[in-house]
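Let's look at this pair of chains together, one question at a time.

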2 protein chains.
Amino acid sequence: MIQKLADKIRQTHAPVCIGLDPMLDYIPEHILKKAFDDFGETLLGAAEAVWQYNRAIIDAVYDLIPSVKPQIAMYEQFGIEGLKVFQKTIDYCHEKGLLVIGDIKRGDIGSTSAAYAAGHLGKVKIGSKAFAGFGEDFATVNPYLGTDGVKPFLDVCKEEKKGIFILVKTSNPSSGEFQDRLIDGRPLYEWVGEKVNEWGSGCMGDNYSYVGAVVGATYPEMGKTLRKIMPKSFILVPGYGAQGGKGSDLAHFFNDDGLGAVVNSSRGIIAAYKQEKYQKFGSENFAEASRAAAKDMIEDIDKALQAAK
Amino acid sequence: MIQKLADKIRQTHAPVCIGLDPMLDYIPEHILKKAFDDFGETLLGAAEAVWQYNRAIIDAVYDLIPSVKPQIAMYEQFGIEGLKVFQKTIDYCHEKGLLVIGDIKRGDIGSTSAAYAAGHLGKVKIGSKAFAGFGEDFATVNPYLGTDGVKPFLDVCKEEKKGIFILVKTSNPSSGEFQDRLIDGRPLYEWVGEKVNEWGSGCMGDNYSYVGAVVGATYPEMGKTLRKIMPKSFILVPGYGAQGGKGSDLAHFFNDDGLGAVVNSSRGIIAAYKQEKYQKFGSENFAEASRAAAKDMIEDIDKALQAAK
């Protein structure tokens, strides 16, 4: 799968994923109204609005990009109805040829991580049969529990040729509270990065390992160090756009082959029509605004990579 | 809710929760057969088997204990059908008067943690209305992202009088890989414990804060230290029984008032009929075996607490 991601990035010239993290206040009034008229102001109504919103955005951007990253929390908040739309969104993205990074940030003791790994990336055995639960291509994983919490994901990655991205240095303001604390002179995130490199060494594709890392665009200098610590890992880079990361911050996250990173933007793309720059599209044409914003993001990153050469 | 938990522990004399973490190979043949006959060897069939298994165990133990802890991964592995049973299990436990600790180990950047907090402990706003998604009483939370990933949970806890348990020192063998690393001479888990105490100081019930901690029964000495660092926090103690923790290891997790900890056992109770000790019940009477094992566990902990006085 990591090879597929690399190939698709080369094809599209877009080391990008779009975060499908729908909040109700991003969704245009006409979609909300129709969903609430049809299903009431209910969990089902909200889920339907999210689905119509996602589908229009996916239709508008799928040919530009290799991958999307739905954040499961934004669906889980609506309970079962929301999670059905998470599932539907994954399936629809697959129909459109997009790779799906499930932003699930799971991680637990061994037997429990095995259940998460089976449910999201692998198959669960039921009697004589086996079924995929959610069926993402990649998932994000929290490392706080150490190797035995990660290993079941590695096992499934090898079996199913899927991939994971381990949280190393997250994009949020207080990520340093624990992640930056010094251990034998080096911050915790570097120690986690060393482990990512080690875990990945046993799960190699052609050039990159199945084990990537999450490093926030908001911390470019740390990205530079982590790039060297984990040379064979793809870095998933959240925090571009709305969270403050800029194209010029991103060059250090990439390797010299122009690969090795996939930059995520969520709100900046899916709610682009709310920004002054894309207001001219109007809320009726929100998906076209998303397409324009995706193009601008791809160009911004391309420029930054060219300038860094 | 933390007050309710303390009250229920006093009433039942059982500082205990039972982990409803059903794996298909725990479920007796007759239940599996019926579910597969009715719904096929499918996700729905597996989910039905889990539900029948859970219900029988809940019916057999609910009067003995204050709380249960369903591990969401064991449901999530079966996709939507599994999560429907997670929901049904929560609702049924509430009908039976049990407090429900959702073992979800979520944690993300602020806006995303807010969605998890709303979906599991609070309410999500939809138009002019508000709905509970899963509606647990407590949830477990991963601290790796720092304060801004925890704060949304604190906000919901205050608003809804719910509670959380932050992962501090987990029960698994490799938990020390990051959690035990020394920072300024003290292990990371102690620094997380300090934060738990700080976060909790702003969310106090009568005697205990809404912010508890997870500390594995498998690490009793660390539990002793953490008890002192977080005097106002309930400690959720997994790892008793099948994972190797014994009653005699547990005394240090409690305060002098006999409160302050709730000890979890999962496999040791729900799959008790598979142990030599409870084999006499037979697989047909698995729920009775669970009841006997729950009674033994309560007695074991009570003895340990008496001996420590």
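**How the two copies meet**

The axes of helix α5 (residues 79–95) of chain A and helix α5 (residues 79–95) of chain B come within 10 Å and cross at roughly 170°. This is a predicted model, where local features need pLDDT of at least 70, side-chain atom pairs count only at pLDDT 80 or more, and totals for chains, interfaces and linings use all residues. Residues are numbered from 1 along each chain as its sequence is written, chains are lettered from A and ligands numbered from 1 in the order written, and side-chain values use heavy atoms, without hydrogens and water.

Reader: Is α5(A) roughly parallel or roughly antiparallel to α5(B)?

Author: Axes are lines fitted to C-alpha atoms, for helices over the stretch in contact, with angles from 0 to 180 degrees between N-to-C directions. Angles under 35 degrees count as roughly parallel, over 145 as roughly antiparallel, 65 to 115 as roughly perpendicular and the rest as oblique. The crossing is at roughly 170°, so α5(A) and α5(B) are roughly antiparallel.

Reader: Which residues make the contact?

Author: Contact means heavy atoms within 4.5 Å. On α5(A) they are Ile80(A), Leu83(A) and Lys84(A), and on α5(B) they are Ile80(B), Leu83(B) and Lys84(B).

Reader: What relation superposes chain A on chain B?

Author: Copies are superposed by least squares on the C-alpha atoms of residues with pLDDT of at least 70 in both. The rotation is 180° with 0.0 Å of shift along its axis (RMSD 0.0 Å). That is therefore the relation of a two-fold axis.

Reader: In chain A, which C-alpha is nearest the axis?

Author: Its distance from the axis is 2.7 Å. The C-alpha belongs to Ile183(A).

Definitions and conventions
Helix = DSSP H or I, 4+ residues; strand = E, 2+ residues; numbered from the N terminus.
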